[in-house]
Amino acid sequence: MLFTLKKIVGGLLLPLPFLLTAMAIALLLLWFTRWQKSAKVLMTVSWLTLLLISLQPVADRLLMPLETRFPTYSPKAQGEPHIEYIVVLGGGYTYNSEWAPSSNLFPNSLPRVAEGVRLHRLIPGSKLVFTGAYAESNPVASATVAAMVAESLGVDKQNVIALDRAKDTIEESQAVAELVNGNPFLLVTSANHLPRAVKIFQNAGLNPIPVPANQMATYGPLNPWEKAFPSALYLSHSERAWYETLGSWWLKIKE
C-alpha cells in the first residue's frame, strides 16, 4: 500500500502532471471565478515552465550534474580487486513472448543490460545479477526479462542470477546484500539514478563500485532545430532530473 501511494504521489509531482494540473486550476479560475489576474499569472508561469524544460539546452543542463558524477567504468583502468558480481538494477519493461527479447525492455533498461553484458565479457568468472520484481498484472518479472535479454546476447545461463522480488532500489539493496557477503561489486544503472542508488546501497552496508549507463544529457553537437524546438524527448530529461531530486529528498527525510 505504501509503495503504491509513494508511486502515485511521486507521479503527480513530476513536471508534466504537475504543470498540467496548474494549468487546469488556472482555467477553472479564469472561467468560473473573478480571480482573473491570478489565473493569467498561473497559466503564464506554468506554460513558460513547460516550454523551458522541454528545450534541450535547459533540460540537459538540469540532468548533466547527475550524469557526470561517476566516470564510465573500465576494469583495466580501475585496478580494483577481482569482481565476482555485476549487479544491474531493473527499470521499465513489458513482456511479449512474440517479440525479440530486447524489445521488452524500455529505453532506460536496455542500456543497463548492455553495459552489464559488456563488463561481464571483460571480467572473467563474473556473474550477472539482475534485479526487479513483477509489475502489476505482468506474468514475468523485470529481472527475468533482463536475464532473457542477456542470454539472447550470448551470456551463459549459468552466469546469470535474477533477483525478482525487489520492488524499488531499497529492496534491491537488501536482496543484493544477501548475495555479495560484503564484497565489492559493480553496480550498473542509469547515470542519472546512480548517485542515489550508490547512497542507498552504502546505507545498507554494501561496497558498490558505480557503473553509469544510459547517459542522456549532452553538450555535444546537435542540429540547430534540436536545440530550438521543444521536444517530448528533452521534457523526459527534465523529468528524470526532477524525479531523482525528489528521490534524494525523500531519502534524506527517511534518514
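A polar contact here is a pair of N or O atoms within 3.5 Å, where one must be able to donate a hydrogen and the other to accept it. Keep that in mind for the first stop, the interface between two domains of this predicted model.

**Stop 1: the two domains**

Colour domain 1 (1-66 + 234-254) and domain 2 (79-213) separately, following the domain assignment. Their C-alpha centres lie 30 Å apart. Now show the contacts between them: 11 residues of domain 1 are in contact with 11 residues of domain 2. Together the two domains bury about 910 Å², with 58% of it on carbon and sulfur atoms. How many residue pairs are in polar contact across the interface of domain 1 and domain 2? The rule finds 3, with both residues at pLDDT 80 or more. On the domain 1 side, the elements that give two or more residues to the interface are helix H1 (2-12), helix H4 (56-67) and H11. Put H11 in the centre of your view, since that helix is up next; with 7 residues, H11 gives the most to the side of domain 1 that touches domain 2.

**Stop 2: Glu244 and its arginines**

Select Glu244, which sits in helix H11 (residues 232-254). Is Glu244 buried or exposed? Glu244 counts as buried because its relative accessibility is 1%, where the cut-off for buried is under 20%. Leaving out neighbours within four places in sequence, Glu244 is in contact with Leu66, Asn192, His193 and Arg196.

Pick the charged partners one by one:

- Arg196 forms a salt bridge with Glu244, with the closest N and O atoms 2.8 Å apart. The count between domain 1 and domain 2 is 1 salt bridge.
- Arg240 also forms a salt bridge with Glu244, at 3.1 Å between the closest N and O atoms. Arg240 and Glu244 are 4 residues apart in helix H11, so about one helical turn separates them. Arg240 is partly exposed, with a relative accessible area of 22%.
- His193 joins in through a polar contact of 3.3 Å between its side chain and that of Glu244.

Show Arg196, Arg240 and Glu244 as sticks together, and you have a network of salt bridges.

**Stop 3: the largest nonpolar core**

Move to the largest nonpolar core, which has 26 residues. Those with the most contacts inside the core are Tyr73, Ile86, Val113, Leu128, Phe130, Ala150 and Leu186. Strand E1 (85-88), helix H6 (110-122), strand E2 (127-131), helix H7 (142-152), strand E4 (185-190) and strand E5 (208-213) each give two or more residues to this core. Which element gives the most? That would be H7, with 6 residues.

Zoom in on Leu128. Beyond its neighbours within four places in sequence, Leu128 is in contact with Ile86, Val88, Gly116, Val117, His120, Ala150, Val155, Asn159, Val160 and Ile161. Apart from this core lies another, of 14 residues, with Tyr85, Phe185, Val198 and Phe201 among them.

**Stop 4: helix H7**

Select H7 and pick out its buried residues: Ser142, Ala143, Val145, Ala146, Ala147, Val149 and Ala150. The elements covering them include H6, E2 and strand E3 (160-163). Past the end of the helix, click on Gly154, which follows H7 and has a positive phi, near 105°.

**Stop 5: Tyr93**

Tyr93 is in the loop between E1 and H6. Despite the loop setting, Tyr93 counts as buried, at 9% relative accessibility. Outside its neighbours within four places in sequence, its contacts include Asn104, Leu105, Phe106, Tyr134, Asn138 and Val145. For its polar partners, look first at Val140, whose backbone oxygen lies 2.6 Å from a polar atom of the Tyr93 side chain. That side chain of Tyr93 also reaches the backbone nitrogen of Ser142, at 3.5 Å. Measure C-alpha to C-alpha from Tyr93 to Ala143 too: the two are 50 residues apart in sequence but 9.6 Å apart in space.

**Stop 6: the remaining salt bridges**

By the salt-bridge rule, the count comes to 4. Besides those at Glu244, go to helix H6, where Arg118 and Glu115 lie 3 residues apart, about one turn of the helix. Their side chains meet in a salt bridge of 2.8 Å, N to O. Arg118 is partly exposed at 33% relative accessibility, whereas Glu115 is buried at 11%.

Finish with Arg165, which forms a salt bridge with Asp164, the closest N and O atoms being 3.6 Å apart. Arg165 is exposed, with a relative accessible area of 66%.

Conventions: Residues numbered from 1 in each chain as written. Predicted model: local features only at pLDDT ≥ 70, side-chain atom pairs only at ≥ 80, totals over all residues. Heavy atoms only, no water. Core = buried A, V, L, I, M, F, W, Y, C linked by side-chain atoms within 4.5 Å. Buried < 20%, exposed > 50% of the residue type's maximum accessible area, 1.4 Å probe, protein only. Contact = heavy atoms within 4.5 Å. Domains from an automatic or database assignment. Buried area = accessible area lost by both parts, 1.4 Å probe.
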